[in-house]
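Me: I would like to go through this structure by question and answer, with a reason given for each reply.

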Amino acid sequence: MPERLLSQAEMIDILSDVQIIEADINYQKTKEREAEEAPKDYKGLTQSYYDQLFEHYGITDSIYSQNIRYYTERPEQLEVIMDSVMQRFVRLQSGMKNEGGE
């Protein structure tokens with residue numbers, strides 16, 4: 001049991017932000033390769049993003065890791081969380097298309 005169990009709603013928020021962080025880092029890496037730039041310190045950048053994430057949610061990396069492990073051991077709950085994360089992005093994408101006139 002984690003020292004602080006995060007609710008499914010909290011995990012949905014956190015994992016949504018994790019997906020955004022990872023997408024941004026991958027985007028930056030792709031742009032860097034396309035521009036043939038010198039590699040950035042992605043380890044430092046990633047750590048900075050996650051530090052900000054943990055601060056925003058008032059958790060530590062340890063609490064995050066414990067909760068990931070907790071929910072991974074409960075696949076039915078994790079599936080609900082991940083489905084909700086995906087649905088959040090589907091709604092965001094749909095809203096962006098509607099605003100763009102598509």
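Reply: pLDDT is the predictor's confidence in each residue, from 0 to 100. Helices (H or I, at least four residues) and strands (E, at least two) are DSSP runs, numbered from the N terminus. This is a predicted model, in which local features need pLDDT of at least 70 and side-chain atom pairs count only at pLDDT 80 or more, while totals for chains, interfaces and linings use all residues. Residues are numbered from 1 along each chain as its sequence is written, and side-chain values use heavy atoms, with hydrogens and water left out.

Me: In which element of the protein is confidence highest?
Reply: The mean pLDDT of the protein is 93, and 97% of its residues reach 70 or more. Confidence is lowest in α4, at a mean of 92. The highest value, 98, belongs to α3.

Me: What separation of the end C-alpha atoms does helix α1 show?
Reply: Helix α1 covers residues 8–35, which is 28 residues. The expected span of a helix is 1.5 Å times one less than its number of residues. For α1 that gives 40 Å, and this agrees with the distance between its end C-alpha atoms, 40 Å.

Me: Against which helices do the buried residues of α1 pack?
Reply: Buried means under 20% relative accessible area, exposed over 50%, and partly exposed in between (1.4 Å probe, protein chains only). The buried residues of α1 include Met11, Ile14, Val18, Ile25 and Glu32. Contact means heavy atoms within 4.5 Å. The buried residues of α1 pack against α2 (42–57), α3 (61–72) and α4 (75–99).

Me: Which element gives the most to the largest nonpolar core?
Reply: A nonpolar core is a set of buried Ala, Val, Leu, Ile, Met, Phe, Trp, Tyr and Cys residues joined through side-chain atoms within 4.5 Å. The largest has 19 residues, of which Ile14, Leu15, Val18, Leu53, Ile59 and Tyr64 touch the most other members. Two or more residues come from each of α1, α2, α3 and α4. With seven residues, the element that gives the most to this core is α1.

Me: Which residues does Ile14 contact, leaving aside its neighbours within four places in sequence?
Reply: Ile14 is one of the buried residues of α1. Leaving aside those neighbours, its contacts are Leu6, Leu53, Tyr57, Ile59 and Tyr64.

Me: Is Gln28 buried or exposed?
Reply: Gln28 lies in helix α1. Leaving aside neighbours within four places in sequence, Gln28 is in contact with Lys40, Tyr42, Leu45 and Tyr49. Because its relative accessibility is 17%, Gln28 counts as buried.

Me: What separates the C-alpha atoms of Lys29 and Tyr42?
Reply: Lys29 also belongs to helix α1, and its relative accessibility of 30% makes Lys29 partly exposed. Lys29 and Tyr42 are 13 residues apart along the chain, and their C-alpha atoms are separated by 8.4 Å.

Me: How is α3 oriented relative to α4?
Reply: Axes are lines fitted to C-alpha atoms, for helices over the stretch in contact, and angles run from 0 to 180 degrees between N-to-C directions. The axes of α3 and α4 come within 6 Å and cross at roughly 115°. Angles under 35 degrees count as roughly parallel, over 145 as roughly antiparallel, 65 to 115 as roughly perpendicular and the rest as oblique. The crossing angle therefore makes α3, relative to α4, roughly perpendicular.
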